[in-house]
Amino acid sequence: ETLTALFVWHDGIGAADCPLRILDPGQSIVCTATTTAGSGEQSSTVEAGTWSTGGDRVATDSVVYWHTVVAPPAGPALDLEIFVDGQPAGTTPGPAVDAGAQVTIDYRATNRGGGPLYALWLWEPGYGRITCPTRTIPVDGTVVCTRQVTAGPGNTAGEAIARAWDAAGTQVEAVAEYSFFGTALAPAVDIQVYVEGWDADSPPGPRLLTPGEVIHFTYVVTNTGKTPLTGITVDDSRRGGVDCPRTDLGIGQAMTCTDDDITRWGNHGAVGTVRADAAGTAISDTDPVYWHTRDQPRIHDLRLEVSVNNNPADTAPGPIVHVPGSVQFSYVIENRGNTWMNQVIIAHPGVLESSIRCTGDRTLNAGETLRCTATVPAVSGVYAEVITVYAWDNDGRLATAEDPVHYTAIQ
């Protein structure tokens, strides 16, 4: 029997993070939770609860034991955090700033290892190299690199990559994302609608569950202007009025409203609308959301094609490249199945995941294609590897595809 609404609680730590909340008969999932290790022997209770399709609660618990040991000397390690105008900016929507104003982005690279780090290198795709006041980071030290940008209206997001080397030449890398929100001088409100956690702004959207099951909608409302908002209402074009925890928002504040629906066969869509009063001025915003349920099983059909410098490279000896020099790998991932595939990961031995740049996000609708590239130094001689792409459907089921790649590097 299928179990739904899975919840895992670890005493002393809290709720565990589970990739899905539905379990088919015989299916297993891995949930995770993180805490700071204490000294000596430790133990605590973990409880898992869920419900059957008939509404009966099913629960179990277990005791977990662990103990701490003296850690070996720390190897090289690098951490990167990003701040906007002095405020942490690692989660969306990030700090609120004035649209049109100059803001300062701080990139804080910290040495978390056991020895000094050298030759600090900081890069932001779309901008370039970021200048730092020093390129050496002592143990437990932090180097702050900065740049200034003009804030635009709405959300701005970016990513930075930091690299450094220890005395033995071992490279360490850290990647951090950031975002901030440019608030308009005039009153403004923003709504973002999610179905089962997916920001599905374009059809067909994610494929959800089976007919008759409950699906959850989330409406995130943010005051993006410079005026407090009152009289806030949210409605859905498909289901009508939506319950929200409050009817007012201060400048830069946000709230989350929720609603449920029952799945039915076919393709579906709705539009969420927020309306508010800003000191006598009526304002509003809308956001669409799409999803579908089909009367056929999910079909996984990922395809991967990798080329070298835009040349086919499936068979040896592959294209000729020159050393010293660089080689560009191009990855074309196509979803020929009938369901959304999420969290696309490209596993290329010897190529860092953070150095792979893609034209879109890591989600593929049925029939959609994702194109990515990575440029790395060429390796002398005959090069041969097998590249694998991984992705997961909405139920957490894994799909993969492989493609071999070859080239021959000469001087």
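I take two strands as paired if DSSP finds at least two bridges between them, and I keep in mind throughout that this is a predicted model.

**Entry 1: strands 9, 12 and 13**

I looked up strand 9, residues 118–124, and found that it runs antiparallel to strand 12, residues 154–165, with four bridges joining the two. For one position along this pairing I noted that Trp123 stands opposite Ile161 in strand 12. I then followed strand 12 to its pairing with strand 13, residues 171–183, which is also antiparallel and extends over 12 bridges. Here I checked Gly158 and found that its bridge partner in strand 13 is Tyr178. Strands 12 and 13 form a hairpin with five residues between the strands, and in this hairpin I noted that Gly169 takes a positive phi near 90 degrees.

**Entry 2: Trp121 and Trp123**

I turned next to the aromatic rings, for which the count of pairs comes to seven. One of these is the pair of Trp121 and Trp123, which is stacked, with 5.9 Å from centre to centre and 5 degrees between the planes. I looked up the accessibility of both residues: Trp121 has a relative accessibility of 22% and therefore counts as partly exposed, and Trp123, with a relative accessible area of 34%, is partly exposed as well. As a general point on such positions, I recorded that side chains in a regular strand alternate between the two faces of the sheet.

**Entry 3: Tyr383 and Tyr407**

I went on to the rings of Tyr383 and Tyr407, whose centres lie 4.5 Å apart and whose planes meet at 10 degrees, so I entered this pair as stacked. The pair links distant parts of the chain, since Tyr383 belongs to strand 28, residues 381–392, and Tyr407 to strand 29, residues 398–410, with the two positions 24 residues apart in numbering. Are these two tyrosines buried or exposed? I found that Tyr383 counts as buried because its relative accessibility is 11%, under the 20% cut-off, and that Tyr407, at 1%, counts as buried too. I also noted that Phe329 joins Tyr383 and Tyr407 in one aromatic cluster.

**Entry 4: arginines over rings**

Last, I looked up two places where an arginine lies over an aromatic ring. The charged end of Arg108 sits over the ring of Phe83, at 3.7 Å from the ring centre. For Arg147, I found that the residue lies over the face of Tyr127, and I entered a distance of 4.0 Å from the centre of that ring.

Conventions:
Residues numbered from 1 in each chain as written. Predicted model: local features only at pLDDT ≥ 70, side-chain atom pairs only at ≥ 80, totals over all residues. Heavy atoms only, no water. Phe/Tyr/Trp six-rings, centres within 6.5 Å; stacked < 30°, edge-to-face > 60°. Buried < 20%, exposed > 50% of the residue type's maximum accessible area, 1.4 Å probe, protein only. Lys NZ or Arg CZ within 6 Å of the ring centre and 35° of its normal.
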